[in-house]
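Work through the exercises below with the model open beside you. Try each task before reading its solution.

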Amino acid sequence: MKYNVLSVFSFRTDVKHLRSKRRPSSSVHLFSITHSYQSFSLSLSSLFHPHLPPNPRPSASLMPKNSKVTQRAQSHEHVTESVADLLAHEEPLDHKSSSLNVGEAAGKKVPQIELPENDGRPAWNNKMEYILAQVGFSVGLGNVWRFPYLCQKNGGGAYLVPYFILLLIIGIPLFFLELAVGQKIRRGSIGVWNYVCPRLGGIGMSSLMVCGFVGLYYNVIIGWSIFYFFQSFQYPLPWSECPFRKNGTIAIVEPECDKSSATTYFWYRQTLNTTSTIAESGGLNVKMTLSLFVGWIIVCLAVIKGIASSGKVMYFSSLFPYVVLFCFLVRGLMLKGSVDGIAHMFTPKLEKMLEPQVWREAATQVFFALGLGFGGVIAFSSYNKIDNNCHFDAVLVSFINFFTSILATLVVFAVLGFKANLMNEKCVAENAEKILGYLNSDVLSHDLIPPHVNFTHLTTSDYAELYGIIKAVKEGGFAQLGLEPCVLEDELNKAVQGTGLAFIAFTEAMTHFPASPFWSVMFFFMLINLGLGSMIGTMTGITTPILDAYKVQRELLTVGCCIVAFLCGLLFVQRSGNYFVTMFDDYSAGLPLTIVVILENLSVAWIYGTKRFMQDLEDMLGFRPCMIYFYLWKYVSPFCLIVLISATVIEMTISPPGYNAWVQELAREQFQSYPPWALAMCFALIVVAMLPLPIVFIARHFNLMSDGSNKLSVSYRKTMMKDISNLEEQDESRFILSAKAGGPPSSVPAHKSYLTPGKNKPLDPNSLSPHSCYGTSYQNAAISPTTPTTPTTPVTPECDS
C-alpha cells in the first residue's frame, strides 16, 4: 500500500512539474513521466484487482487485444478500468499527440487526419494513372461530335460563355462532390449512397442501370469505328466513289448513291444496310455483329483485372487521341478554306445567348461531358488514398475536358471549312456549265456576261456577280433556270452532329486529303480509343458496386457482364439497329441520369448536411474548401438541376417522339414517328432506370430491406473503431488526472461524442439506424460477434444542414 501511495505521488509530481515548465529540458523528464505512469498503472491494478500478482512485468505478447475500455461501449455493466488496460492497446503511446504532451496546452487536441488502414482494396499505382482514367472517362465521343455541333447551332463563340459559366456553377462542384464521396467512403455507387442515406440507396442502383443501358449501345459505336478502321487500309478509300451497277453491257452509277453521296451511301447501305423503318428488323448484320464482338473482347481485356489492367490501358487510350487531334489540327490549318471554317465557328452571335434553349443544351452538355451520375467517377475515386487532393483533381479534369472540346471543335471546323470550300467550288463549276448551256441555246444573251468573267477559271466572287445579274434580268423566269447561289456561308451552316459528322462529313473530307488512308486510319483509331476510355469507366461503374457487395471473382464477373452485354447488344446490330441506338441515346440516360444527380446533390447537401460534409472534407484533405462550394451545393446546383429537369420534361412533351429513317427510294433521311410498341419501349427505358429509387425507399422505410451497412468498407470500420478508441483513451486520462473518477470531460466535438449526455451509458451502435439522416449503422463494425450485448435506447443524431 505504501508503494501505491508513493507511485501516485511521484506520478502527480512529474505531471505537475512538466505542466509548469511546458516543455522538457531533456529526455529525462519524458522517461520519468512514462516510468511513473506505468508504475501508477500497476498500482491501480493491484488496488482494483487484488487477485493479480504484485508488480507484474508488462509484456507486449501478453497484452489483451480487446481492453475493458473497448468492452465498456458494448455493455451496460459499470466497469472500472485500470491504466494497464489503457496501456494494453495494440498501438504504442504517441507522446506527440497525447494529452500529456508537454509541448501543447493541457487538454488541447492536435487535429490529425485519420488514414484508413489497408483493407485489401486495390489502389492506383500512381496519380498519373488515376488522372488519365478520369480524363479518359470524361473525354469521349461527345467532345468530338456533339460539342462542335452545339457551337455551330447556338451562336458559335457565344455558346462558350454559357457553357463556361455552367461548368463553374454545376460541373466542377458536382464533379468534386462525386470524387469526394467516393474517396472518403471507398465504395462504388451503391455502397456510397447506402452510407450517405440508406433510404436513397436506390441512387446507386439507378446509376448501375443507366450504365448498363449506355454501355449496350455505346460499344456498338465502337464496333462501327472498328469496321471503318479496317476498311481504311485500302487505296482508294471504299467510300471515295460511288459503286457501279452493270445493266447488261452498260455500267451505270448506283442510283441510290448518285442521289446522295458516296460517303452517305457507304454508311447507310454498305455499313449498316439499314431498313426503311424501325418496325422492319431485316435480320442480323453479320459485319456489324463481328465488329461488336471484337469491341466487347477489347473492353473485356481492358477491365478484366480492374484498375490493374485498365490503368495501363489508359496511358495509351487517353493520350493517343490528343496526338491525333493535334496532327489533324496542323494538317487542317494547311488546307484551303480551313480558316473560313474556324472564323465561322468563333464568330459570336450574341443574340443567341438570350435564348433559354441555348442554356439548356449547354447545361446538358456540361452534365454529360463530365460523366456525372454514371458511377464511374465514384468508382475510380474509391481506389484513391484517403488524403488525396480530390479538389485539385476535380478542377484539373474539368478544365482538361473543356479545352479538349475546344481543340476538337477547332479540328472539326478546320476540316469542315475545307470541305465547304470544295463543295462550293463544285457548285460553282456545275452551275457554270448550266449557264454555258443557256448561252449556247440563246436562252441567255452573251451581253449579260461581264467582260472580266472567265468561265475556264470561274471564281466564287465572279459567279456571285454573274448570278446576281441573271437573277435581276430574268426576274419571274429565273426559277426555271435552276441556278443555285453557291454561298460558302450556306455550306458552313449545314449543322452535322453525331454519326453524321464522324461517318459521313468527316470521312468525305478525308477523301480529299493527300495520303487519305493514313488519316482515315488515325481518325477511326482515335474514335476507338475515345470510346474505349468511356467504356472502361462505364464498366467500372457496373462491376465495382457488385464486387463491393458480393464476394465474386472479378475475372468471372467481368467476362459474364461482357457476354450478357454482347447478347443484349444484338438488338443494335440488326439492320434496323441504328434506330434503336438513337432510341436508347434519347431516352435511357437523359432524364434518369439528371434525376440521379439531383438526388445525389440533395442527399449530401440537405440530408447528410453540407456543414458536416465540409467538415469531412477538411478532415480528409487537410484544408477547408472554399465556402462558395457550400452555397453551390446547397442552393445553386439543386436549383439549376431542377430547372434542367423541368426543361427536359417540357422538351420531351413538346417534341414528337420519332427518329430519322433512311428511305432507300428517296436516298435521304426522313423523320418518322415511333410505332406504339416503340413508344412503350421508350417509356419502359425511363421507368426501369428510375424504378430502384422508389422501391428501395419504400423497402427501407418499412424495414423490408437491410440498410447495407454490413457491406461498408473495412477501412471505414477500422477508422471508426480507432476514433472510438481515441475518445476512450482521452476519457481514461481524464479519469486519472481528475479529482474523482468520471469527472467532467474536456472539450470534445459534439459529433464525436460516444456517450449519452449526462450518463455513463454507452451509445448503442444500432442507434445510428437506417432511418437516421446519416445512415451510418456500424453494428457489424463496432460489436464483436462473440461479445454479448443488451439493447439500449437508440439515440438518433440530428441532421446537420
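Four exercises on backbone geometry, a helix and a cavity follow.

This is a predicted model, in which local features need pLDDT of at least 70, side-chain atom pairs count only at pLDDT 80 or more, and totals for chains, interfaces and linings use all residues. Residues are numbered from 1 along each chain as its sequence is written, and side-chain values use heavy atoms, with hydrogens and water left out.

**Exercise 1. Find the cis peptide bond and place its proline.**

Step 1. Look at the bond between Tyr-235 and Pro-236. It is cis, with omega about -5°.

Step 2. Place Pro-236. It sits in the loop between α10 (202-231) and β1 (244-247). Helices (H or I, at least four residues) and strands (E, at least two) are DSSP runs, numbered from the N terminus.

**Exercise 2. Arg-186 and Asn-273 have positive phi. Decide whether each is buried, partly exposed or exposed.**

Step 1. Fix the cut-offs. Buried means under 20% relative accessible area, exposed over 50%, and partly exposed in between (1.4 Å probe, protein chains only).

Step 2. Take Arg-186. Its phi is near 60°, and it is not a glycine. The loop between α8 (160-185) and α9 (189-196) holds Arg-186. Its relative accessible area is 9%, so Arg-186 is buried.

Step 3. Take Asn-273. Its phi is about 50°, again without being a glycine. Asn-273 belongs to the loop between α12 (262-271) and α13 (286-303). Its relative accessibility is 29%, so Asn-273 is partly exposed.

**Exercise 3. Check the span of α19 against the expected value.**

Step 1. Count residues. Helix α19 (residues 390-440) has 51.

Step 2. Apply the rule. The expected span is 1.5 Å times one less than the number of residues. For α19 that gives 75 Å.

Step 3. Compare. From first C-alpha to last, α19 reaches 74 Å, close to the expected span.

Step 4. Look just past the end. Asp-442, just after α19, has a positive phi of about 60°.

**Exercise 4. Describe the second largest cavity and its lining.**

Step 1. Define it. On a 1 Å grid over the protein atoms alone, a cavity is a set of points where a 1.4 Å probe fits but cannot get out; lining residues have an atom within 4 Å of a point. Grid points are joined across faces, edges and corners, and a volume is the space filled by probe spheres set on the points.

Step 2. Count and size. There are nine cavities of 30 Å³ or more. The second largest holds about 100 Å³.

Step 3. List the lining. Twelve residues line this cavity; Val-181, Lys-184, Tyr-608, Phe-613 and Asp-616 lie nearest its centre. α26 (590-621) gives the most, with six residues.

Methods: 1 Å grid on protein atoms, 1.4 Å probe; cavity = no way out; pocket = protein on both sides within 12 Å on 5 of 7 lines; lining within 4 Å.
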